[in-house]
Amino acid sequence: MLTWTDNIKALQDMLGNARRALVVSHMNPDGDAVGASMAWWSYLRSACPSMEVRVAFPNKFPEFLGWIEGAEQAIAYTDKKEATLEYLKDCDLVFCLDFNDLSRLDTLGEALSAHSVPRVLIDHHLQPAKEFDLVFSDVSMSSTAELVYRIVLALDGKPLLSKGAAEALYVGLITDTGSFSFGVKTPETFRIAADLMELGVDKDEVASKVYDSYSEKRMRLLGYCLHSKMRVFPKQKAAYISLSREELDKFCFQPGDTEGFVNFPLSIKKVALSALLTESQDKTHIRVSLRSKGKTISVNELARKYFNGGGHFNASGGKYFDSLKNCEAYFENILKTDF
Ligand code: 5GP
Ligand code: MN
């Protein structure tokens, strides 16, 4: 069993020998995926100047994260398959951030599986897969951003991070914890937030860039969901919202527009489990997002058992390969039998 110190030493050796690296994160990248990846990219560029580093996401990240330092240089694999594969050919290292299984990368994961480049996992999800060569996996971390901060600190003894990288990490921290209202498991998370402020983060400005960036259409889609689409099951203390492609199209859906919607039903006092079911663009499947509050319902278990997915105790996701109607019936049946 490798200790934290062994892992840091192994990482130092890997960084010393690598000439070209790729940083990847999960499909439909969220604030932690983009924040942690861009901060790690920024750190590697300054700490290992002779190493070439790029970041690739399986698909585009939402617009509200576009201001993060370096994000405009990140590759969306769906747009640049050939160039990414060409770059990957000569890579000596792949950093896998904020996911625990290559299947979370969609076709980018298949491309990585076809290469024998050493993979370093930096993540905070439960039950990581065995396909990584060096593993930093800690479920007590609020976010991958927090883990990246701790790794940077351990590598150098001080946080060698630019203001832009500190902002990126702060985005990961706030988006994965509902601005410190859940998922903070140790006081150290707050100390790290304080350190990030000392590195120049203006927390009000970052929060405003992240949260006050709705388009009018997105705001109206949220209103529609809460008014007309949220179904509440008081006996099961559950609620769900389902959205078809036609409904999403009506509100000119953009990637990231439904980010956070699944949390809203949990604001109802008697709701402890919430789901958002969205029909995929090609209508081949339904994306399922699950959230719970409190310490009794593991949506990680629920996602694994019923939706071929996973995640955290209180936040998880998965897929359902059938129509939206059938997914609704399937979910309602789970509520009846399991709750
Ligand atoms: P979201 O609902 O925001 O898409 O995802 C919530 C959490 O569940 C995230 O931490 C994410 O990594 C995880 N998650 C979402 N979808 C999947 C999935 O299909 N498989 C697995 N293993 N985890 C998922
Ligand atoms: Mn995360």
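The side chain of Glu247 reaches back to the backbone nitrogen of Ser244 at 2.8 Å, a polar contact in the sense of a pair of N or O atoms within 3.5 Å, where within protein one must be able to donate a hydrogen and the other to accept it, and residues adjacent in sequence count only if both atoms are side-chain atoms. Glu247 itself belongs to helix α10, residues 245-250; helices here are DSSP runs of H or I with at least four residues, strands are E runs of at least two, and both are numbered from the N terminus. With a relative accessible area of 14%, Glu247 is buried, where buried stands for under 20% relative accessible area, exposed for over 50% and partly exposed for what lies in between, using a 1.4 Å probe and protein chains only. Setting aside neighbours within four places in sequence, Glu247 is in contact with Tyr224, Lys229 and Ser242; contact means heavy atoms within 4.5 Å. You can also look across to Glu279, which is 32 residues from Glu247 in sequence and 9.6 Å away in space, C-alpha to C-alpha.

Before going further, a word on what you are looking at: this is a predicted model, in which local features need pLDDT of at least 70 and side-chain atom pairs count only at pLDDT 80 or more, while totals for chains, interfaces and linings use all residues. Residues are numbered from 1 along each chain as its sequence is written, chains are lettered from A and ligands numbered from 1 in the order in which they are written, and side-chain values use heavy atoms, with hydrogens and water left out.

Now step back to the whole chain. It holds 12 helices and 12 strands, and its C-alpha trace spans about 55 × 45 × 40 Å along the principal axes. The radius of gyration is 20 Å, which agrees with the value near 20 Å for a compact globule of 339 residues; this radius is taken over C-alpha atoms, and the globule rule is 2.2 Å times the number of residues to the power 0.38. Buried residues account for 51% of the 339. Of the contacts between residues at least 6 apart in sequence, 66% join residues at least 24 apart.

Moving to the surface, the accessible area comes to about 15,800 Å², and carbon and sulfur atoms own 52% of it; such areas come from the Shrake-Rupley method with a 1.4 Å probe, and for residues only the protein chains shown count as cover. The chain carries 40 positive and 45 negative side chains, with the centres of the two sets 6 Å apart. In that count Lys and Arg are positive, Asp and Glu are negative, and His and the chain ends are left out; each charge is placed at NZ of Lys, CZ of Arg, CG of Asp or CD of Glu.

Let us next visit the loop between β5 (119-123) and β6 (134-137), where His125 lies. His125 is buried, at 12% relative accessible area. Its side chain makes polar contacts with two other side chains, that of Asp123 at 2.6 Å and that of His312 at 3.1 Å. Beyond its neighbours within four places in sequence, His125 touches several residues, including Asp98, Phe99 and Asn100. Leu126 sits in the loop between β5 and β6 too, but is partly exposed at 27% relative accessibility. Its contacts outside four places in sequence include Asn300, Arg304, His312 and Phe313.

Gly310 lies in strand β11, residues 310-311, and counts as buried at 17% relative accessibility. Leaving out neighbours within four places in sequence, its contacts are Asn300, Ala303, Arg304, Ser316 and Gly317.

Finally, turn to the loop between β7 and β8, the place of Gln236. Gln236 is buried, with a relative accessible area of 14%, and it touches Leu335, Lys336 and Phe339, not counting residues up to four places away in sequence. Lys237 is found in the loop between β7 (230-233) and β8 (238-243) and is partly exposed, at 46% relative accessible area. Most residues other than glycine have a negative phi. Lys237, however, has a positive phi near 50°. Phe180, in the loop between α6 (163-176) and α7 (188-198), likewise has a positive phi, of about 70°, although it is not a glycine.
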